[in-house]
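Colleague: I should be grateful for a close look at one part of this model, with some account of its surroundings.

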Amino acid sequence: MASTASPYGLKPVNELGGLPYAGSTRLYVIDPAGTASNIYNGSPVYVNADGYLAVATATGADATTNGFPVGTANTGIVGVFVGCQYINAQGQVIYSQYYPTGTTGVVNAYVVDDPQVVFQVQSAGSVTQAAVGANLFFSTGAVATGSTTTGNSTASVVAGSSAVATTAAFRVVGFPNMVGFSVVGDAYTDVFVKINPGYHSYTNAVGL
């Protein structure tokens, strides 16, 4: 419930025009040599200069020193990681909620990369109706975090008091507003957001 801080990263809900999200994903490849970080379900991800998928670490608070993906020039993220598939040491095909750091070999990652998808995310504080149309960004230090028990991200966005009209990663488009689950103005409000143009690689003209 939104009276408790229980962030879960970005969860796809529907398309911006209102069509239901049908589960569409695209396969990306994680470096066969392994990466230094876990990648959790609900985490923002990007394609590195080597062509492999990696987890973003910047807050997206601006397009310069906090730009996606790593806090330098804003080249954007390709979307949100929702699981992966790899072969373990016993030769078994594993479908995992998250990517365990150091996993090597062929690892296919599932990514929601449609720039028009609306995501649900929990805020680190209260968000009021006045935030609709404003911009939010990830809470500092929580972008790439998660739980190896659930496999889910624990990323959250900043509270409504930090919402900005200037450029930032996410536009607030609404609220779940479900009594007993989350309503506008709760202590840790759940919000619907869309990735802003330029913060998504497919709406950013800058190549890698």
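In which loop, between which two strands, does Gly180 lie?

Modeller: The model is a predicted one. Gly180 is found in the loop that runs between β10 (170–174) and β11 (190–195). The relative accessibility of Gly180 is 53%, and because exposed means over 50%, Gly180 counts as exposed. With respect to Pro44, Gly180 is 136 residues away in sequence, and the C-alpha to C-alpha separation of the two in space is 28 Å.

The two strands that flank this loop belong to an open sheet of five strands, whose order is β1-β8-β11-β10-β9 and whose pairing is antiparallel. At the edges of the sheet stand β1 (11–15) and β9 (135–136); each has a single partner strand, so one side of each is left without a neighbour in the sheet. For β1, the antiparallel pairing with β8 (residues 117–122) extends over four bridges. Within this pairing, Lys11 has Gln120 of β8 as its bridge partner.

A further feature concerns the surface. Ile87, Val93 and Tyr95 make a nonpolar patch of about 340 Å² there. One of these residues, Tyr95, is located in strand β6 (residues 93–96). Tyr95 has a relative accessible area of 60% and is therefore exposed, as Gly180 is at 53%.

To return to the part requested: Gly180 is an exposed residue in the loop between β10 and β11, and both of these strands are members of the five-stranded open sheet.

Definitions and conventions:
Residues are numbered from 1 along each chain as its sequence is written. This is a predicted model: local features need pLDDT of at least 70, side-chain atom pairs count only at pLDDT 80 or more; totals for chains, interfaces and linings use all residues. Side-chain values use heavy atoms; hydrogens and water are left out. Buried means under 20% relative accessible area, exposed over 50%, partly exposed in between (1.4 Å probe, protein chains only). Two strands pair if DSSP finds at least two bridges between them. Patches are made of residues with over 30% relative accessible area and no salt bridge: like charges are joined within 9 Å, nonpolar side chains (Val, Leu, Ile, Met, Phe, Trp, Tyr) within 5 Å. Accessible areas come from the Shrake-Rupley method with a 1.4 Å probe; for residues, only the protein chains shown count as cover. A salt bridge is a side-chain nitrogen of Lys or Arg within 4 Å of a carboxyl oxygen of Asp or Glu.
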